[in-house]
Amino acid sequence: MAYDAIEVKPMTRRIGAEIFGVDLGQPLSNRQYEEVHQALMEHQVIFFRDQEMSHDQHKAFGRLFGKLAIHSGVPGLPEHKEVVAIHADATSKFVAGENWHSDLTADAEPPLGSVLYMKVVPESGGDTMFASMYAAYDALSPRMKTYLDGMTAVHDANHIYKALFPDVEKQYPRSSHPVIRTHPVTKRKSIFVNPSYTTHLEGVSKEEGDAILNYLYLHCMNPNFQCRFRWAPNSVAFWDNRCTWHQAIWDYFPDTRSGFRVTVAGDKPF
Ligand code: SIN
């Protein structure tokens, strides 16, 4: 599909594109919606600059792509429970998403994607890295693809959120998902394990599973599969969580970086 209603500038051939000519605070025309969706399918993470959105407008944009999910680990804003604050400053002990991950993969139905709207950025640093799990899958050897075909892995959120919030009495999600998933729209295959949530491969010994997972993580971290986004105030990133990893770089302490995220619900990986 050609783009008529928006302008799309790819950041690399594998992942990432900047989008121009759309105001996310206003209702999108059908054509704009279709092209934004198409750009997301094609580039896996898309970026917008100079956007003005209230929390309601942010939620309305997210809802164009599906139901909004309630974050299973972090409470939302009191008046907008679907909106999670992403905030770090001189008092922070950790920041959200510091390690490579896809969002909430321990959920039975991990998110379709997330829309992160950044309001305050440090003078330097604070970029977010994204990696294409399509590109990572495509670059596996045929023998490794055959080995992983049909394999499942357990994803568990308990070790993450219990370490961050030791006082909270709560069981966090734990689920089993295919190691290689097929995207429901593009039908492309991608690697669907990540170093944050995945605890082990099923059906093989711990030693074998850990060795394979460590190989996959090293493979997926290849810079050839990545793009890196430099934030400015009012920038927006929208990533397809089904086929990407991301990592927030905390290289700006003690400065402040602050924004808001909504999460679009997804479905059971297959
Ligand atoms: C996240 O993982 O949602 C946070 C990403 C970021 O702050 O750049």
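Here is a short walk through the sheet, the ligand site, the pocket and the cavity of this model.

Before you click anything: this is a predicted model, where local features need pLDDT of at least 70, side-chain atom pairs count only at pLDDT 80 or more, and totals for chains, interfaces and linings use all residues. Residues are numbered from 1 along each chain as its sequence is written, and side-chain values use heavy atoms, with hydrogens and water left out.

**Stop 1: the sheet.** Select 226-229 and 244-248, which are β13 and β15, plus 128-132, which is β7. Strands here are DSSP runs (E, at least two residues), and helices are runs of H or I of at least four, both numbered from the N terminus. You should see an open antiparallel sheet of 3 strands in the order β13-β7-β15; strands pair if DSSP finds at least two bridges between them. β13 and β15 are the edges with a single partner strand each, so one side of each has no neighbour in the sheet. From one strand to the next the twist averages 20 degrees (axes are lines fitted to C-alpha atoms, with angles from 0 to 180 degrees between N-to-C directions). Now zoom in on β7 and β15, joined by 5 bridges, and find A131 opposite W245.

**Stop 2: the ligand.** Show residues with a heavy atom within 4 Å of the ligand; among them are I86, D103, W239, H246 and R257. Which side-chain N or O atom sits 2.5 Å from a ligand oxygen? That one belongs to T128. Similar polar contacts (N or O pairs within 3.5 Å) come from R261 at 2.7 Å and H101 at 3.0 Å.

**Stop 3: the largest pocket.** A pocket is an open set of points on a 1 Å grid over the protein atoms alone, with protein on both sides within 12 Å along at least five of seven lines; lining residues have an atom within 4 Å of a point. This one has a volume of about 790 Å³, counted as the space filled by probe spheres set on the points. Of its 35 lining residues, F94, V95, A96, G97 and L164 lie nearest the centre. Colour β5, α5 (158-164), β15 and β16 (257-264), which each supply at least two lining residues.

**Stop 4: the cavity.** A cavity is where a 1.4 Å probe fits but cannot get out. The search finds 1 of 30 Å³ or more, and the largest holds about 40 Å³. Select I86, H87, A88, V95, A96, Y252 and R257 to see its lining; β5 (83-88) gives the most, with 3 residues.

Terms used
Polar contact = N/O pair within 3.5 Å; in protein donor to acceptor, adjacent residues only side chain to side chain.
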